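The following exercises introduce a protein structure to a new reader. Each task is followed by a solution in steps.

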Amino acid sequence: ILLLLGLAFIVVVAGAVLFAPSGSGSAYPETLERVDPIDGSLVFGQPRVVVDLEPGYRAVLTIDGEVVPDDQVIWTEATGLHVFEPGPGKVVTTWTPGFHVLMAQWDRVSGLPDPGMFTWSFRVQ
């Protein structure tokens, strides 16, 4: 009986190791490396929005349904980093308490088109 229980335990452990999800999957599209604040997060104060794409891609940001003009986004072409900070004269002067929905749409700067899109949200406290 002990031998059978031991074999059953080994089979269960081996099955869990072989067939369990690896956890390495990403919720982001391949071109998107990260966003900040992260999806579903609760933030305090006036956070900046960061969209980090692979080099060679340019994004257009939309915040709560309003397109952010290119001159309000700091873009580093060599790294694909896009940063938006709220301030006077910008689409968002200050973050109001509550949920905010953001969307990044991107494409390659040169070469063949490779468009993509990602939508996420965060809550300001």
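Two residues are in contact when heavy atoms lie within 4.5 Å. The model is predicted, so that local features need pLDDT of at least 70 and side-chain atom pairs count only at pLDDT 80 or more, while totals for chains, interfaces and linings use all residues. Residues are numbered from 1 along each chain as its sequence is written, and side-chain values use heavy atoms, with hydrogens and water left out.

**Exercise 1. The chain as a whole**

Task: Describe the secondary structure and the overall dimensions of the protein chain.

Solution. Step one: helices (H or I, at least four residues) and strands (E, at least two) are DSSP runs, numbered from the N terminus. The protein chain has one helix and nine strands, and their order along the sequence is α-β-β-β-β-β-β-β-β-β. The radius of gyration (taken over C-alpha atoms) is 21 Å, well over the 14 Å that the globule rule gives for 125 residues, so the protein chain is more spread out than a compact globule. That rule is 2.2 Å times the number of residues to the power 0.38.

Step two: along the principal axes, the C-alpha atoms fill a box of roughly 75 × 40 × 20 Å. Of the contacts with a separation of 6 or more, 55% are between residues 24 or more positions apart.

Step three: a residue is buried under 20% relative accessible area, exposed over 50%, and partly exposed in between (1.4 Å probe, protein chains only). In the protein chain, 29% of the 125 residues count as buried.

**Exercise 2. The open sheet**

Task: Which strands stand at the edges of the five-stranded sheet?

Solution. Step one: two strands pair if DSSP finds at least two bridges between them. The open sheet has the order β2-β9-β8-β4-β5, with mixed pairing. At its edges are β2 (41–43) and β5 (66–67); each has a single partner strand, so one side of each lacks a neighbour in the sheet.

Step two: β4 (residues 57–63) pairs with β5 in the antiparallel sense over two bridges, and T62 has V67 in β5 as its bridge partner. In the loop between β4 and β5 lies D64. Its phi is near 50°, a positive value in a residue other than glycine. Most residues other than glycine have a negative phi, and most peptide bonds are trans. D64 is partly exposed, at 42% relative accessibility.

**Exercise 3. Pairings of β7**

Task: With which strands does β7 (residues 81–84) pair in the antiparallel sense?

Solution. Step one: strand β3 (residues 49–53) is joined to β7 by four bridges, and the two run antiparallel. Here F84 in β7 is the bridge partner of V49.

Step two: β6 (residues 74–76) also pairs with β7 in the antiparallel sense, over three bridges, with W75 opposite H82. Four residues lie between the strands of this hairpin, in which G80 takes a positive phi near 80°.

**Exercise 4. Strand β1 and the loop after it**

Task: What is R34 in contact with, leaving aside its neighbours within four places in sequence?

Solution. Step one: R34 belongs to strand β1 (residues 32–36) and is partly exposed at 36% relative accessibility. Its contacts are Y28, V50, V51, D52 and L81. The C-alpha atoms of R34 and L53 are 7.3 Å apart, although 19 residues separate the two along the chain.

Step two: P37 lies in the loop between β1 and β2. A cis peptide bond, with omega about 0°, joins D36 and P37.
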